[in-house]
Amino acid sequence: MIEQRSIKTDPSRIRDILAKSLELQDLTLSEISELLALDDAELWPVVFDAARRVKEKVYGRRVVLFAPLYLSNECLNDCLYCGFRKGNRDAVRKTLAIDEAVQEASLLAKRGYRRLLLVASEHNKLMGIGYFEKVVEAIYRETDIRILHMNSAPMSVDDFKRLKAAGVGVYQCFQETYHIPTYRYMHEKGSKADYAWRLSAMDRAVEAGFEDIGMGVLLGLYDWRWEVGALMAHSRRLINKYGFGPHTISVPRLQPAQGSRLNDWPNRVSDEDLRKIVAIYRLALPYVGVVVSTREHAEIRDELLLIGASQVSAGSKTSPLGYVDHGDTEQFETGDKRSLEEVIVKIAELGLMPSLCTACYREGRSGEMFRDLAQNQAMKGICHTNALLSLKEYIEDNASEDVKEKLERVLKAEIPENSTGLPDKFRLIEEGKRDIHV
Ligand code: SAM
Ligand code: SF4
């Protein structure tokens with residue numbers, strides 16, 4: 001663990017930084033370092049509140065929901081922390097056949113999901129780009145899933161082009177750790193041992209045409225302040241080079257995994273640190289989607305939504321065939337076991353707006369264009385309307401009888417007085433029209 005030097009905080013300086021972020025301007029690396037070094041317990045609530053307000057300015061109250069779909073747990077790498085690592089002899093291995101991936105996706109679509117994140121271990125013999133293309137094409141053809149994102153090992157530019165052409169929205173890949181000695185220790189074997197290949201993944205994805213890229217560090221491998229600073233530096237480099245940075249930043253926190261070889265865990269990230277990390281990402285890049293997975297327990301997830309997180313997975317399983325069957329070996333233990341419906345209801349109770357919207361990808365709102373719309377506060381209205389329309393569709397098609405009435409009341413409270421537009425659109429949905437969005 002690196003020693004943290006205590007730096008005297010100037011509260012007025014911190015307030016200036018927060019004011020800049022509230023004007024939806026990206027923070028500089030030196031401003032981000034000042035937040036990372038902030039050691040004044042009285043100022044942190046002010047920072048959390050600013051993060052909440054920045055999120056509200058950009059996205060309003062909407063919270064995007066999705067689920068991961070694990071394609072395989074057969075892996076040629078040996079990342080010390082992961083249950084899928086090659087050396088885990090106790091793991092029960094499985095790679096989904098195309099029709100099994102479709103089965104998983106249709107079951108999720110029946111539960112109400114419209115956006116899935118495909119997650120794959122790394123095994124080039126079992127899962128080349130041809131396999132991914134077939135999976136994506138079959139899910140779009142045979143299910144009501146409207147957008148697929150992908151978290152997989154880094155690819156060549158040519159393979160990224162094929163992935164993009166297949167219709168994948170966001171390409172997501174976590175650097176795990178930017179700290180080279182820690183990276184080497186954690187990833188001794190397999191192609192993932194190549195730090196530079198992973199570090200340059202986003203450049204190749206952008207070169208191949210991906211404008212929406214998802215980044216993150218695996219929190220707990222090394223000092224979190226150092227890692228967050230490094231991820232921000234990486235993002236800044238991408239912004240300077242391409243005009244846009246990450247579309248999403250995830251905050252995966254290391255979890256126990258069956259078969260993990262990580263016994264020594266000195267850089268554990270506390271709940272309080274996780275709150276700080278979410279707030280700093282939100283303030284540093286106001287337009288970024290901050291994603292929290294079901295690695296985290298329910299209470300902290302609900303709290304993070306109130307200080308900057310804008311997307312959450314729900315009802316997740318982390319093993320291939322985990323939805324239709326009990327699944328085989330999981331990647332790690334999940335902390336939040338609530339169903340999609342329970343999370344939807346909770347988000348509404350928090351005064352936020354659950355959203356199953358997928359409009360931006362199909363309307364071409366990506367990369368620099370998305371960022372400009374967000375910075376001009378235009379996304380807020382678009383997102384809110386689409387959240388309501390997607391919730392109405394959920395009520396019609398997927399909600400259980402127990403919650404329909406409750407969610408209808410939530411919708412009703414959102415209809416502005418004398419508005420005809422929304423009630424008309426709701427009526428169209430009741431009559432069977434689907435995928436209405438702006
Ligand atoms: N196999 C690909 C790779 O490693 O990039 C992508 C999929 S991997 C299944 C997705 C992410 O899960 C990894 O990038 C890592 O950050 C995270 N992960 C692995 N083991 C974990 C654990 N024990 N707890 C929390 N997250 C973990
Ligand atoms: Fe394989 Fe990814 Fe797990 Fe590493 S993190 S063992 S590459 S699935």
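**Exercise 1. The two domains**

The C-alpha centres of domain 1 and domain 2 lie 28 Å apart. This is a predicted model: local features need pLDDT of at least 70, side-chain atom pairs count only at pLDDT 80 or more, and totals for chains, interfaces and linings use all residues. Residues are numbered from 1 along each chain as its sequence is written, and chains are lettered from A and ligands numbered from 1 in the order in which they are written.

Task: state which residues bound each domain, and describe the side of domain 1 that touches domain 2.

Solution.
- Step 1. Domain 1 spans 56–375 and domain 2 spans 380–430; such bounds come from an automatic or database domain assignment.
- Step 2. Contact joins 16 residues of domain 1 to 16 residues of domain 2. Two residues are in contact if their C-beta atoms, placed from the backbone, lie within 7 Å.
- Step 3. On the domain 1 side, helix H3 (44–59), helix H13 (340–349) and strand S9 (353–355) each give at least two residues. Helices (H or I, at least four residues) and strands (E, at least two) are DSSP runs, numbered from the N terminus.
- Step 4. That side has nine nonpolar, three polar and four charged residues. Ala, Val, Leu, Ile, Met, Phe, Trp, Tyr, Cys and Pro count as nonpolar, Asp, Glu, Lys and Arg as charged, and the others, Gly among them, as polar.

**Exercise 2. H1 against H3**

Task: find how the axes of H1 and H3 are related.

Solution.
- Step 1. The axes of helix H1 (residues 11–22) and H3 come within 9 Å and cross at roughly 10°. Axes are lines fitted to C-alpha atoms, for helices over the stretch in contact, and angles run from 0 to 180 degrees between N-to-C directions.
- Step 2. H1 is therefore roughly parallel to H3 (angles under 35 degrees count as roughly parallel, over 145 as roughly antiparallel, 65 to 115 as roughly perpendicular and the rest as oblique).
- Step 3. Leu-18, Ser-21 and Leu-22 of H1 meet Val-47, Ala-50, Arg-53 and Val-54 of H3.
- Step 4. By class, this contact of H1 with H3 holds five nonpolar, one polar and one charged.

**Exercise 3. H2 against H10**

Task: decide whether H2 and H10 are roughly parallel or roughly antiparallel.

Solution.
- Step 1. Helix H2 (residues 29–36) and helix H10 (residues 224–242) have axes that come within 10 Å and cross at roughly 165°.
- Step 2. H2 and H10 are therefore roughly antiparallel.
- Step 3. From H2 come Leu-29, Ile-32, Ser-33 and Leu-36; from H10 come Arg-225, Val-228, Gly-229, Met-232, Ala-233 and Arg-236.
- Step 4. The contact of H2 with H10 has six nonpolar, two polar and two charged residues.

**Exercise 4. The ligand shells**

Task: describe the residues around ligand 1 and ligand 2.

Solution.
- Step 1. Ligand 1 has 21 residues around it, the closest being Cys-82, Leu-218, Gln-255, Ala-257 and Phe-332. A residue is near a molecule or strand if its C-beta atom, placed from the backbone, lies within 6 Å of it.
- Step 2. The shell of ligand 1 comprises 12 nonpolar, six polar and three charged residues.
- Step 3. Around ligand 2 stand Cys-75, Asn-77, Cys-79, Cys-82, Phe-84, Arg-85, Ser-121, Glu-122 and Lys-192.
- Step 4. Four nonpolar, two polar and three charged residues make up the shell of ligand 2.
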